[in-house]
Amino acid sequence: MSAHVPETLDIWRMVAGRRSLEGRVPLAAFRRLDGLLTDAQGEVSFTMQFDRDALQVPYVELTIDAALPLECQRSLQRFLFPVSMVQRLGLIRDEAEEAALPPEMEALLVPEDGILRTLDLVEDELVLAVPAVPMDPELPAVELDAAPQQEELAKANPFAGLASLKKN
C-alpha cells in the first residue's frame, strides 16, 4: 500500500477538513475481490475527496482506475478488464437519511464511531464493477448460423401430425 494511505479513516473529520487522499494498492490487498480474479497481478489507483455538496450533504467522491485480470467465459483465457469509475457516496448515519440524498448519490452507511477502513471503500466498488459473465471485449462476437431445418421444426411442433390428418 502507498505509504501515505491510512488504514482507517475518521469519516466525519475528513469531511469537516474537506480532505482528500490518493493511493496505489496491489490487487493482492483486496481479500473479497481475490475469488473473482484469475490472479492478483496489478495495482489499483484511487483518490478520495471528502466534502459537502450545496445542500450540505456530506459525501466522499471515489475515483478508481484499475485493470482487473479476469477469465473470459468465451475463450477461457485471461484478459484485463479496465475499470475507470467516479462514484459519489452520500454519507449517512442511519438508513432513514438515505431518502434525503440527491438521486445521483449512492448511500454509504457510516458506523456509529465514524471509522471506516480505507480499502473497504475501494474494494466495495471494485467488487460491484466485476461483470457477472466476464467476456474479453477484443474477441470477435460468436455468430451462429444455426437456423433449424424444416424437418426439425416439424418434429418440434406437437401439432404437425394433426396437420397431415387435416389434409386427408
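Me: Let's start in the middle of things. Which strand is glutamine 87 in?
Reply: Glutamine 87 lies in strand β5. Keep in mind that this is a predicted model.

Me: Sure. Is glutamine 87 buried or exposed?
Reply: Buried, because its relative accessible area is 19% and the cut-off for buried is under 20%.

Me: What does glutamine 87 touch, sequence neighbours aside?
Reply: If you skip everything within four places in sequence, glutamine 87 is in contact with Val60, Glu61, Leu62, Glu106 and Glu125.

Me: Glu61 is on that list. What does the side chain of glutamate 61 pair with?
Reply: Arginine 88. The side chains of glutamate 61 and arginine 88 meet in a salt bridge, at 2.8 Å from N to O. The pair links distant parts of the chain, with glutamate 61 in strand β4 (residues 58–71) and arginine 88 in strand β5, 27 residues apart.

Me: And how accessible are glutamate 61 and arginine 88?
Reply: Glutamate 61 has 25% relative accessibility, so it counts as partly exposed. Arginine 88 is also partly exposed, at 28%.

Me: How many salt bridges does a search of the whole structure find?
Reply: Seven.

Me: What about the one between glutamate 123 and arginine 32, which parts does it tie together?
Reply: Their side chains meet at 3.4 Å, N to O. Glutamate 123 is in helix α3 (residues 118–129) and arginine 32 is in helix α2 (residues 31–34), so the salt bridge ties together parts that are 91 residues apart in sequence.

Me: Glutamate 123 first: buried or exposed?
Reply: Buried, since its relative accessibility is 5%. Arginine 32, on the other side of the pair, counts as partly exposed at 45%.

Me: Which residues are linked with Arg32 in a salt-bridge network?
Reply: Glu123 and Asp124; together with Arg32 they are linked in a network of salt bridges.

Me: What does aspartate 120 pair with?
Reply: Aspartate 120 forms a salt bridge with arginine 117, and their closest N and O atoms are 3.0 Å apart. Aspartate 120 is partly exposed, with 28% relative accessibility. Arginine 117 counts as partly exposed too, at 37%.

Me: OK, zooming out. How many helices and strands are there?
Reply: Five helices and seven strands. From the N terminus on, the elements run β-α-β-α-β-β-β-β-β-α-α-α.

Me: How much of the protein is buried?
Reply: Buried residues make up 34% of the 168 residues. On the outside, the protein exposes about 11100 Å², and carbon and sulfur atoms supply 51% of that.

Me: And what share of the contacts comes from residues 24 or more positions apart?
Reply: Taking contacts with a separation of 6 or more, residues 24 or more positions apart account for 57% of them.

Me: Back to the surface. Which residues gather in the patch of negative charge?
Reply: Asp94, Glu95, Glu97, Glu98 and Glu106.

Me: Where does aspartate 94 sit?
Reply: In the loop between β5 (78–92) and β6 (106–109). Aspartate 94 counts as partly exposed, because its relative accessibility is 38%.

Me: Switching to another aspartate: where is aspartate 136 found?
Reply: In the loop between α3 and α4 (150–156). Aspartate 136 counts as buried, with 16% relative accessibility.

Me: Which residues is aspartate 136 in contact with?
Reply: Leaving aside neighbours within four places in sequence, Cys72, Arg74 and Phe79. There is also a distance to look at: the C-alpha atoms of aspartate 136 and glutamate 71 are separated by 8.2 Å, though the two residues are 65 apart along the chain.

Me: Last topic, backbone angles. What is the phi of arginine 18?
Reply: Positive, about 50 degrees, although arginine 18 is not a glycine. Most residues other than glycine have a negative phi. Arginine 18 lies in the loop between α1 (11–16) and β2 (20–26), and it is exposed, with a relative accessible area of 56%.

Me: And what about the phi of leucine 76?
Reply: Leucine 76 is not a glycine either, and it has a positive phi of about 60 degrees. Leucine 76 is found in the loop between β4 and β5.

Me: Is leucine 76 buried or exposed?
Reply: Exposed, because its relative accessible area is 54%.

Technical notes:
Residues numbered from 1 in each chain as written. Predicted model: local features only at pLDDT ≥ 70, side-chain atom pairs only at ≥ 80, totals over all residues. Heavy atoms only, no water. Patch = residues over 30% accessible without salt bridge, like charges linked within 9 Å, V, L, I, M, F, W, Y side chains within 5 Å. Areas by Shrake-Rupley, 256 points an atom, 1.4 Å probe, with all protein chains shown as cover. Salt bridge = Lys/Arg side-chain N within 4 Å of Asp/Glu carboxyl O. Lys, Arg positive; Asp, Glu negative; His and termini not counted. Charge placed at Lys NZ, Arg CZ, Asp CG, Glu CD. Helix = DSSP H or I, 4+ residues; strand = E, 2+ residues; numbered from the N terminus. Buried < 20%, exposed > 50% of the residue type's maximum accessible area, 1.4 Å probe, protein only. Contact = heavy atoms within 4.5 Å.
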